[in-house]
Amino acid sequence: MREQVTLMEPVVKTVRVDLGIEDAFRLFTAGMGTWWPLERHSIAVDSLEERVTADSLVFEEREGGRIYEVMSDGAEGTWGRVQAWEPPNRVVFSWKPNLTDGPYTEVEVRFTSIGAGSEVVLEHRGWEQFGDTAERYRNGYDSGWPGVLELFKTAAR
């Protein structure tokens, strides 16, 4: 008998940026290391108790590419892998920027032209995999993504 899993609502956040769709896509992916707050959200901060720092973030621009941070001691910490690569309209990647034993979630980002700018819709899903702690994880990202996307918006100016 299969266990039935109740799907949780994904976290969905939308931001408009003053870049055309191609440039917005490139900034979000290849340029993620220029705007992501590594000093607050990284494996080095979350898991390694500040024994090392996160020096850079790399987003490999292809299906199967890794998203990873490079730490001050030269070690790399994988955050996820690109599952769908459809520039400049859509990218999907697995997501777990920490060293916990928990599962990866999935993030889909869609880009739409709006006048001279772009609308970027981020959908973060897969919370049900966390079982009893699913709501806590989902709530953390629900409140965290707006600040991170604001940094992306600022970088797009």
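How closely do the axes of helix 1 and helix 4 approach, and at what angle do they cross? The close-ups below, all from a predicted model, start there.

**View A. Helix 1 crossing helix 4.** Helix 1 covers residues 21-28 and helix 4 covers residues 134-155; their axes come within 11 Å and cross at roughly 125°. Angles of 65 to 115 degrees would be roughly perpendicular and those over 145 roughly antiparallel, so this pair counts as oblique. The handedness of the crossing is right-handed.

**View B. The side of each helix that touches the other.** Helix 1 brings Ala-24, Leu-27 and Phe-28 to the contact, and helix 4 answers with Leu-149, Phe-152 and Ala-155. Sort these residues by type and you get 6 nonpolar, no polar and no charged.

**View C. The sheet.** Here are 7 strands in an open sheet, running in the order 1-7-6-5-4-3-2 with antiparallel pairing. Strand 1 (11-17) and strand 2 (54-59) sit at the edges, each pairing on one side only. Going from strand to neighbouring strand, the turn averages 20°, direction ignored.

**View D. Strands 5 and 6 up close.** Residues 90-95 (strand 5) and 105-114 (strand 6) pair in the antiparallel sense over 6 bridges. Look for Arg-90, which stands opposite Arg-110 of strand 6.

**View E. Both helices on the sheet.** Helix 1 packs against strand 1, strand 4 (76-86), strand 5, strand 6 and strand 7 (117-125), and its direction makes about 155° with that of strand 6. Helix 4 packs on the sheet too, touching strand 1, strand 5, strand 6 and strand 7. The direction of helix 4 makes about 10° with that of strand 1.

Methods: Residues are numbered from 1 along each chain as its sequence is written. This is a predicted model: local features need pLDDT of at least 70, side-chain atom pairs count only at pLDDT 80 or more; totals for chains, interfaces and linings use all residues. Side-chain values use heavy atoms; hydrogens and water are left out. Axes are lines fitted to C-alpha atoms, for helices over the stretch in contact, and angles run from 0 to 180 degrees between N-to-C directions. Helices (H or I, at least four residues) and strands (E, at least two) are DSSP runs, numbered from the N terminus. Angles under 35 degrees count as roughly parallel, over 145 as roughly antiparallel, 65 to 115 as roughly perpendicular and the rest as oblique. A crossing is left-handed if the near helix is turned anticlockwise from the far one by less than a right angle, and right-handed if clockwise. Contact means heavy atoms within 4.5 Å. Ala, Val, Leu, Ile, Met, Phe, Trp, Tyr, Cys and Pro count as nonpolar, Asp, Glu, Lys and Arg as charged, and the others, Gly among them, as polar. Two strands pair if DSSP finds at least two bridges between them.
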